[in-house]
Amino acid sequence: MKPAAVPGAAALARLTASRRQRNLVAGGVLLGLCLVLMLLSLGAGAFAIAPGRVAEILLARLGSGPAELLDSREALVVLNIRMPRLLLGALVGAALAISGALMQGLFRNPLADPGLVGVSAGAGLAAAATIVLGDRLLAGMGMKLPFVALPFGAFFGGLVSTLALYLIATREGRTSVATMLLAGVALGALAGSLTGLLAYISDDRQLRDLTFWSMGSLGGASWSKLSVVAPIILPLLFAVPFLARGLNALMLGEAEAFHLGIPVQRIKALAVVLVALSVGASVAAAGVIGFVGIVVPHLIRLLIGPDHRLLLPLSAIGGAALLVGADIVARLIVVPAELPIGIVTAFIGAPFFLWLLLRRGRIAES
C-alpha cells in the first residue's frame, strides 16, 4: 500500500517553491541594481564619463582592450579617483547595513540601528578624540598620526557604546526596546557634547577633519585608505552569515534558543563585537553616516522575510547599492561642489523611520 499523503503537503511544497523563487528573483534584481549603480558611479561627477566609455576603460585595465586607453585623462579619473571611492562606499554601505541587521536580530526589534542608538556617535567620538588628542600627542614627539589609528579608535568607541547600550537596556535576560531607544538618545547626546568639546579645543586643520566625520563623506577615498579599511570589513562580511542560525533562534526568545542548543551568550557577544568593528571601521573611513542600518534591512525583510540566512547577505548588497546611489546623488546635486553623503542618507532615512514608527503604531492599535 502507498503511504497516505499528508494533508496540505502539496500546497506547502508549492508555497515553499514559490517563496524560494521569489527570493531568488529579489536577490538577482538587487544584485543587478547594485552593479548598474556601480557602473554609473564611475562616470558620475563634475567630469562626466559615459557608461560605455567606463566599460571600455575597465576592459582595457583587465587586458581586453587597447592599452593606450589607460593613459587617458578619463582612465586616470576612473581608476585612481572614482574606483577607490566606489569600493570604499560599497564596503561601508554593506558594513552599516549588516550592522543594522545584526542589532535588529540581537534586540529582536526592527527599530534598532547603530546610528539611532548611539553606536555611531560613540565611534565618531573616539575617532574625534584620536584626531585631536592623538594628533597633539604625536605632534609633540615629532610624529604624524597614522590613518590606521582611526579604525582602532573608532572600534573602541563603538564597542564601548554597544556594550553600554546592551547593559542598560537588558534586565534579567530581557531587552527593553523603549529603554534601548532612550538610552541610545542619551548616549548619542553625550557623545555629541564631548565631540563638540573636542571641536572647541581643536585647531583649524583638526576642525576640518571633525566636520568631515560629523557629516560623512567618501571624498577622501584613496587606495591607501581602502587598503587599511578593507582588511577589517571584508572578513566581517564573510563571518556574519555564520550567525544566521543563532539569530533565527533568538527570534523565538533567549530561553527557547538556549533549549535549541544555541550558545546564546556567545552569539550575543560575537554580534556586539562585529557591530563595533563594522561601525568603527566605517566611521573611521567615511565619517558618521546614518539610517543605512535601518532602511536596508527593513526593506529586505519586507521582500524576503525574516530568515537571517538570506537577510544578512542581501542586506550587505542592499547597503552597498544604497550608499553608492547616495554618493551619486551627493556628487550631482550641487555640481561642481559635493554634498556630504550623510545629508543624503538622512534625507532618505528620516522619513522612512517616521513611516516605520507610524506603521508599527497602527499595527499595535489594531
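Okay, so let's start in helix α14, which covers residues 341-365. Phenylalanine 352 and tryptophan 355 are three residues apart there, so about one helical turn separates them. Keep in mind that we're looking at a predicted model.

Why look at those two? Search the whole structure for aromatic pairs and you find one. It's this one: the ring centres of phenylalanine 352 and tryptophan 355 are 5.5 Å apart, and because their planes sit at 45 degrees, the pair counts as tilted. As for burial, phenylalanine 352 has 13% relative accessibility, so we call it buried. Tryptophan 355, at 35%, is partly exposed.

There's another ring to point out. Phenylalanine 47 has the charged end of arginine 73 sitting over its ring, 4.5 Å from the centre.

Now, the nonpolar cores. Which residues touch the most other members of the largest one? They're Leu88, Val92, Leu102, Met103, Phe107 and Ile289, out of 78 residues in that core. Helix α3, residues 73-107, gives the largest share, with 13 residues. And there's a second, separate core of 21 residues, with Met38, Leu69, Ala90 and Ile328 among them. As a general point, nonpolar side chains tend to be buried together in soluble globular proteins.

Back to methionine 103 for a second. Leaving out residues up to four places away in sequence, methionine 103 has contacts including Arg108, Asp113, Leu165 and Val275.

Last stop: asparagine 23, in helix α1, residues 9-43. Buried or exposed? Its relative accessible area is 13%, so asparagine 23 is buried. Not counting residues up to four places away in sequence, asparagine 23 touches Leu303, Ile304 and Leu310.

Methods: Residues numbered from 1 in each chain as written. Predicted model: local features only at pLDDT ≥ 70, side-chain atom pairs only at ≥ 80, totals over all residues. Heavy atoms only, no water. Phe/Tyr/Trp six-rings, centres within 6.5 Å; stacked < 30°, edge-to-face > 60°. Helix = DSSP H or I, 4+ residues; strand = E, 2+ residues; numbered from the N terminus. Buried < 20%, exposed > 50% of the residue type's maximum accessible area, 1.4 Å probe, protein only. Lys NZ or Arg CZ within 6 Å of the ring centre and 35° of its normal. Contact = heavy atoms within 4.5 Å. Core = buried A, V, L, I, M, F, W, Y, C linked by side-chain atoms within 4.5 Å.
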